[in-house]
Amino acid sequence: MRGVGSPYTPKTGIERWLDARMPLPRLVYDSFIVYPVPRNLNYAYSFGGILTVMLVSQILTGVVLAMHYAPNTVLAFDSVEKIMRDVNSGWLLRYLHSNGASFFFIAVYIHIGRGLYYGSFKAPRELLWVLGCTNFLLMMATAFMGYVLPWGQMSFWGATVITNFFTAIPVAGQWIKQLLLGGFAVDNPTLNRFFALHYLLPFMLVGVVTLHIWALHVVGQNNPIGIDVKSSADVVDFTPHATVKDALGIVVFSLVLAYFVFYMPNFLGHPDNYTVAEPLKTPAHIVPEWYFLPFYAILRAITFSIGPIDSKLGGVLAMFAAIAVLFFVPWLDTSKVRSAVYRPWYRLFFALFVANGLFLGWLGSRPPEGAYVILSQFATLYYFAFFIVIMPLLGLIETPRRLPNSITEAVLEQTRQAADPD
């Protein structure tokens, strides 16, 4: 099998020796140098590379921070302060890690949105999409447990509120809560468990990301017009064409992250989390980190509503269903056309979906009362309707625009229009 169809040729004795025993250079060459990608990829496709860099950055900074962190309720808050004040460049590591988590989620939301817009979940890429959703789920679990570690007011009460929702699950709810907490309330065993899992899950995430990249290289990269590659004219080598775009995207993204790290390091955090956890003093308004707010709003839309749909269990199920529904997107979208570029009605509903997601995020930051709850219910209804109703029906009734015959034809047409807009 080794070397069949591969253009890689070892040039030195060491390369030939290694290639005969463990062809790692050949794998890198075939996967990241001459790997063919569609010639019309845009910068939206750079976020896969950005996410890879962010994952490495989060693991490296996290490992060093763990060397100085004390997972004990008496020492945790002070150990974070010691990192900030006494550890060499500790403040930089902590701000890179905490702000990096937020930017990690910014990149993954854009990555998911790009996949939904360009139809990257459609056959033969269903498994690629499912693995990506698994990555998202692991990210959320890792981030939630990491948020508890500083042992500030919002960390403690966020963990208390979220884990209490598990008690709504019939029969096993109380057992699940005690298993997570290591007792009957958020305390030292909880902090130890969350620290251990927060350290472990990123390495599990690396494994699933590896499978995700593997699946991508098996089925090939999708492209903005959603047409399969039909000839060698439709593709270019990954390096330098895609790597240059990825590198530029990574640099720009890193500069924005650096601005927050050096000039606005606490902007994306909650001020209550800079106060040590106090179990006897409840914050006025308990909220998770911003990247969980849309799902928090969905949970509260049912849990804190007034009327017959008021249900703690319903809120928990709705929150998990909001994530679970993503796994079924490849089978919910019935359209024969992948890309929204050629689907005018889907493009409109997708724009409304993005706006609705931002609206849910804002509602999640508001108190669960009055009009906020009612608006959350309408926004939650549209969130699920987009996947369960709009996607299946739109694929049956929508008339898409005419697709080009090939990727090359589409590129040449765009070039002609740019040169002669009239």
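**Aromatic rings in a predicted model**

In this predicted model, F105 and Y291 are both buried.

User: What makes F105 and Y291 a stacked pair?

Analyst: Look at two values. The ring centres are 4.2 Å apart, and the planes differ by 5°. Centres within 6.5 Å make a pair, and planes under 30 degrees apart count as stacked. So F105 and Y291 are a stacked pair.

User: Where in the chain do F105 and Y291 sit?

Analyst: F105 is in helix α5. Y291 is in the loop between α10 and α11. They are 186 residues apart, so the pair links distant parts of the chain.

User: Why is the pair of W91 and F262 called edge-to-face?

Analyst: Their ring centres lie 6.2 Å apart, and their planes meet at 70°. The cut-off for edge-to-face is over 60 degrees, so the name fits. This pair also links distant parts of the chain: W91 is in helix α5, F262 in helix α10, 171 residues apart.

User: Is W91 buried, exposed or partly exposed, and how do you know that?

Analyst: W91 has 37% relative accessibility. Buried needs under 20%, exposed over 50%. The value for W91 falls in between, so W91 is partly exposed.

User: What makes R114 a charge over the ring of Y45?

Analyst: R114 lies over the face of Y45, at 4.2 Å from the ring centre. The distance limit is 6 Å, so 4.2 Å passes. K245 lies over the face of Y43 at 5.6 Å, so that distance passes too.

User: Which residues do ring pairs link into a cluster with Y45?

Analyst: Among them are Y117, Y118, Y346 and F350.

Note on methods: Residues numbered from 1 in each chain as written. Predicted model: local features only at pLDDT ≥ 70, side-chain atom pairs only at ≥ 80, totals over all residues. Heavy atoms only, no water. Phe/Tyr/Trp six-rings, centres within 6.5 Å; stacked < 30°, edge-to-face > 60°. Helix = DSSP H or I, 4+ residues; strand = E, 2+ residues; numbered from the N terminus. Buried < 20%, exposed > 50% of the residue type's maximum accessible area, 1.4 Å probe, protein only. Lys NZ or Arg CZ within 6 Å of the ring centre and 35° of its normal.
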